[in-house]
Amino acid sequence: MNTDLSHFLDCEMNWCAEIINARFEQYFSAEDDPKKQISIENITMPEISSENSPYSTIVKKYALGFDERLLLTLALLPHLRPQALDVFFLNNGNLGRPYTEFGGWKGKSHSGFLPTCETALFLLAGENLGRRLEVMRLFDMDSTLLKEHLVALEYGEAGEPVNSAALRIPSETLEYLSTGLRNMPDYSMHFPAKHITTELKWDDLVLSGDVMDDVSQVTAWIEHSEKILDDWGLRKNVKPGYRVLFYGPPGTGKTLTATLIGAHTGMDVYRIDLAQVISKYIGETEKNLSGIFDQAERHKWILFFDEADSLFGTRTQASNANDRAANQEIAYLLQRIEDFPGVVILASNLKSNIDDAFSRRFQSSIYFPMPEPSERFRLWTNIFQKKEMLASDVNFLELADKYELAGGALINVARFAVIRAVREGRCVVNRSDIEMAVTKEFRKEGKMA
Ligand SMILES: Nc1ncnc2c1ncn2[C@@H]1O[C@H](COP(=O)(O)OP(=O)(O)OP(=O)(O)O)[C@@H](O)[C@H]1O
Ligand SMILES: [Mg+2]
């Protein structure tokens with residue numbers, strides 16, 4: 001697989017280098033007779049039919065043509081063969097400055113030439129305006145390369161010619177083309193979402209029968225929605241999207257349940273912290289989140305909006321520009337959430353904030369209450385699975401009955417109690433470690449033990 005992979009990329013880059021050469025020769029040759037000039041289109045593309053590398057898979061899957069393949073390879077060159085672009089550093093002797101028609105932009109640490117749309121236009125169209133207009137269509141948002149995130153454009157200042165946009169290759173695509181692997185995108189400024197996973201299993205989830213039943217309704221939808229929509233003939237009236245609200249006190253398992261629903265149904269769950277997104281990216285939310293919605297739709301992710309209260313709270317009277325911007329972003333988000341054809345889970349601590357208009361947009365809304373004593377007993381025993389590490393004075397039945405603590409708080413208690421035992425050089429946790437930890441946890445929550 002690996003040799004295949006580099007072999008084909010190599011051929012494709014050789015082809016691109018040949019085109020660069022030919023274009024330069026043509027552009028700077030004294031030959032005026034177009035018939036005697038090399039035609040770029042006649043430089044044949046590497047044959048892909050017998051290939052099965054990631055690159056050829058993409059070419060076949062999206063039926064990429066000559067121009068598209070050149071654009072994709074050009075975007076790849078700075079990563080895989082940067083020196084192939086050095087010819088573009090040629091200076092215009094008459095003017096003592098770079099050639100405008102080569103385009104290009106300068107990186108901060110990378111010393112080589114970085115291509116822009118103009119660079120691709122120079123290679124594919126030269127001075128032919130008709131061809132230029134044709135090639136420019138590749139830079140439309142709905143062209144295959146952009147829509148499928150095979151290449152990305154990064155626009156500079158407003159008002160500058162659009163073809164000065166940097167031609168980039170999204171890290172997701174680069175990763176796939178150069179390794180054959182599809183990695184998960186990482187949290188960043190431009191991607192304010194995080195892939196969440198858990199070591200816990202479905203059996204570790206402690207919920208009352210009613211809540212579990214509501215949760216199973218969601219997993220049933222995920223597993224059978226196609227059948228429900230088609231076999232039962234509901235597609236005309238029912239949208240494929242499913243929006244669920246999880247609400248309830250902190251630490252009752254909302255995030256855990258969202259993560260487990262993903263694991264259980266084989267879907268990736270991406271968590272978006274809304275409070276953070278809205279405050280940090282004022283004016284940028286739309287740009288950053290639209291990428292997430294698009295990718296989520298393509299890869300069938302479950303979107304988990306944490307701290308969703310900020311979605312419902314802010315629609316009050318907007319008194320300043322910032323408030324208005326935030327309101328606009330919220331309106332955008334609500335619309336995207338409503339249009340999303342997959343599963344969206346929103347989590348919040350307060351239901352009172354959520355107005356009726358919004359409630360109606362949920363397919364279900366599930367309350368995660370504080371656990372009852374019997375559930376707390378299961379949580380205690382799940383957390384301390386190594387029974388040999390518990391002193392004989394620890395009685396979970398009694399602790400579960402006495403202290404009203406949610407799963408999240410119990411994890412804190414366990415951690416504190418174990419640290420105390422370790423610091424005292426013991427390898428068992430005793431009742432006083434736990435009692436002490438509970439008191440601390442209650443104090444943190446502003447309650448008395
Ligand atoms: N119902 C539960 N069953 C099993 N474990 C739980 C449960 N609730 C909480 N826990 C434990 O507590 C941890 C924290 O819970 P989680 O983050 O899911 O709470 P949350 O409801 O999302 O809280 P918050 O409202 O603060 O976001 C979980 O990772 C898990 O270890
Ligand atoms: Mg949570």
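How many helices and strands are there in the protein chain? There are 18 helices and ten strands. The model is predicted. The legends below start with the whole chain and then move to close-up views.

**Figure 1. The whole protein chain is more spread out than a compact globule.** The radius of gyration is 29 Å. For 449 residues the globule rule gives 22 Å, and the value for this chain is well over that. Along the principal axes, the C-alpha atoms fill a box of roughly 95 × 55 × 50 Å. Buried residues account for 45% of the 449 residues. The chain exposes about 24,000 Å². Carbon and sulfur atoms supply 51% of that exposed area. Now look at contacts between residues at least 6 apart in sequence: 71% of them join residues at least 24 apart.

**Figure 2. Charged side chains are found in both signs, and some of them pair up in salt bridges.** The chain carries 49 positive and 64 negative side chains. The centres of these two sets lie 4 Å apart. Side chains of opposite charge can pair when their charged atoms come close. Across the whole structure, a search finds 16 salt bridges. Figures 3 to 5 take up three of these pairs.

**Figure 3. Arg 131 and Glu 41 form a salt bridge.** The closest N and O atoms are 3.5 Å apart. Arg 131 sits in helix H5, which covers residues 129-136. Glu 41 sits in the loop between helix H1 (2-28) and helix H2 (54-61). The two residues are 90 apart in sequence, so their pairing ties together separate parts of the chain. Is Arg 131 buried or exposed? Arg 131 counts as buried, because its relative accessibility is 13% and the cut-off for buried is under 20%. Glu 41 is partly exposed, at 41%. The pair also belongs to a network: salt bridges with shared partners join Glu 41, Asp 67, Arg 131 and Glu 134.

**Figure 4. A salt bridge links helix H5 to helix H4 through Arg 132 and Glu 118.** The N to O distance is 2.8 Å. Arg 132 lies in helix H5. Glu 118 lies in helix H4, residues 117-125. The partners are 14 residues apart in sequence, so the pair ties together two parts of the chain. Arg 132 is partly exposed, with a relative accessible area of 23%. Glu 118 is buried, at 16%.

**Figure 5. Arg 168 and Glu 154 pair across two strands.** Their closest N and O atoms are 2.6 Å apart. Which strands hold the two residues? Arg 168 is in strand E4 (residues 166-168), and Glu 154 is in strand E3 (residues 152-154). The partners are 14 residues apart. Both ends of this bridge are partly exposed. Relative accessibility is 31% for Arg 168 and 39% for Glu 154.

**Figure 6. Two residues other than glycine, Lys 300 and Glu 307, have a positive phi.** Most residues other than glycine have a negative phi. For Lys 300, phi is near 55°. Lys 300 lies in the loop between helix H11 (285-299) and strand E8 (302-306). Lys 300 is exposed, with a relative accessible area of 59%. For Glu 307, phi is near 50°. Glu 307 lies in the loop between E8 and helix H12 (309-313). Glu 307 is partly exposed, at 43% relative accessibility.

**Figure 7. Glu 441 is a buried residue in helix H18.** Helix H18 covers residues 431-444. The relative accessibility of Glu 441 is 7%. Which residues does Glu 441 contact, leaving aside its neighbours within four places in sequence? They are Leu 405, Ala 409, Asn 412 and Val 413.

**Figure 8. Asn 395 lies in the loop between helix H15 and helix H16.** Helix H15 covers residues 373-383, and helix H16 covers residues 396-402. Asn 395 is partly exposed, at 33% relative accessibility. In sequence, Asn 395 and Thr 439 are 44 residues apart. In space, their C-alpha atoms are 17 Å apart.

Definitions and conventions. Residues numbered from 1 in each chain as written. Chains lettered and ligands numbered in written order. Predicted model: local features only at pLDDT ≥ 70, side-chain atom pairs only at ≥ 80, totals over all residues. Heavy atoms only, no water. Salt bridge = Lys/Arg side-chain N within 4 Å of Asp/Glu carboxyl O. Helix = DSSP H or I, 4+ residues; strand = E, 2+ residues; numbered from the N terminus. Buried < 20%, exposed > 50% of the residue type's maximum accessible area, 1.4 Å probe, protein only. Rg over C-alpha atoms; globule rule 2.2 N^0.38 Å. Contact = heavy atoms within 4.5 Å. Areas by Shrake-Rupley, 256 points an atom, 1.4 Å probe, with all protein chains shown as cover. Lys, Arg positive; Asp, Glu negative; His and termini not counted. Charge placed at Lys NZ, Arg CZ, Asp CG, Glu CD.
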